[in-house]
Amino acid sequence: MTTLGIIGAGHIGSNVARAAITAGYDVVISNSRGPETLGDLIAELGEKARAATAEEAATAGNIVLVAVPLKNYRDVPVAPLAGKIVIDANNYYFERDGRIDALDRGETTTSELLQAHLPDSKVVKGFNHIIAATIPTDGTPAGTADRRALATASNHPDAIEFITRFYDELGFDTVNIGSLDESWRVERDRPAYVTRQTRDELVANLAKANRLP
């Protein structure tokens, strides 16, 4: 059984946990305040979940989701994530994170920042452009008419292969944008951001995106 480590127990992290457990995954989840503060969430998630430190979640997970405020991405543990697929759900909100000049100038992406911090990991974009509460509720079986689609990007083909399977298990089609340097197309304020869309609609919205909003 695959264990999903989650670093960040906010809206995205907790809702991916709910969906993943429904799909049969074990979950080890952490936040910045310590595992003792996650008692209510673990009680809700049930026996397939446990609370941990970020280091423990990174170590325990076969696959690890990072869903922290972007300003804190450098706090993500590096060594235990070496060689692992790391799903990046981060978004840039300058109001919260402070200004990051390289992002403001369109010189990099949020996922490339995390990949640079985790040079031996396989970062793949995921779950950043969906309203968190709909992650456990909007999924439908493969082949369903108007099935919702989510985008991804990675420099690593095996990471794309995993997230495509994981999205499908949770009830979503996948659109592969390409490498991480194209992941800006699904960042904040672009047409594909937090919009419910089918595969064809997502492809069209990605094509409409401008690098600098």
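Is Asp104 buried, partly exposed or exposed? Please keep this question in mind during the tour, which concerns a predicted model.

**The whole chain**

Begin by displaying the entire chain as a cartoon. The chain has 8 helices and 8 strands. Its C-alpha atoms fill a box of roughly 45 × 40 × 30 Å along the principal axes. A compact globule of 213 residues would have a radius of gyration near 17 Å, and the 16 Å of this chain agrees with that. Next, switch on the surface: about 9300 Å² is accessible, and 50% of this area belongs to carbon and sulfur atoms. Of the 213 residues, 54% count as buried. Among contacts between residues at least 6 apart in sequence, 63% join residues at least 24 apart.

**The largest nonpolar core**

Hide the surface and select Val27, Ile29, Ile87, Phe127 and Phe166. These residues have the most contacts inside the largest nonpolar core, which has 37 residues. Elements that give two or more residues to this core include strand 1 (3-7), helix 1 (11-22), strand 2 (26-30) and helix 7 (157-170). Colour helix 7 separately, since the largest share of the core, 7 residues, comes from this helix.

Now centre the view on Val27. Setting aside residues up to four places away in sequence, Val27 touches Leu4, Ile6, Ala17, Ala20, Ile21, Lys48, Ala49 and Arg50. Then select Ala52, Ala57, Leu70 and Leu103, which are among the 21 residues of a second, separate core.

**Asp138**

Move to Asp138, in the loop between strand 6 (122-125) and strand 7 (149-153). Show the side chains here: that of Asp138 makes a polar contact with the side chain of Arg148, at 2.7 Å. Apart from neighbours within four places in sequence, Asp138 is in contact with Arg148, Phe172 and Arg196.

**Asp104**

Finally, select Asp104 in helix 5 (residues 101-104). The opening question can now be answered: Asp104 is partly exposed, because its relative accessible area is 30%, which falls between the limits of 20% for buried and 50% for exposed. Display the neighbouring side chains as well. The side chain of Asp104 makes a polar contact with that of Arg99, at 3.3 Å. Not counting residues up to four places away in sequence, Asp104 touches Tyr92, Arg99 and Leu212. As a last step, draw a distance line from Asp104 to Arg211: the two residues are 107 apart in sequence, and their C-alpha atoms are 9.8 Å apart in space.

Conventions
Residues are numbered from 1 along each chain as its sequence is written. This is a predicted model: local features need pLDDT of at least 70, side-chain atom pairs count only at pLDDT 80 or more; totals for chains, interfaces and linings use all residues. Side-chain values use heavy atoms; hydrogens and water are left out. A nonpolar core is a set of buried Ala, Val, Leu, Ile, Met, Phe, Trp, Tyr and Cys residues joined through side-chain atoms within 4.5 Å. Buried means under 20% relative accessible area, exposed over 50%, partly exposed in between (1.4 Å probe, protein chains only). Helices (H or I, at least four residues) and strands (E, at least two) are DSSP runs, numbered from the N terminus. Contact means heavy atoms within 4.5 Å. A polar contact is a pair of N or O atoms within 3.5 Å; within protein, one must be able to donate a hydrogen and the other to accept it, and residues adjacent in sequence count only if both atoms are side-chain atoms. The radius of gyration is taken over C-alpha atoms; the globule rule is 2.2 Å times the number of residues to the power 0.38. Accessible areas come from the Shrake-Rupley method with a 1.4 Å probe; for residues, only the protein chains shown count as cover.
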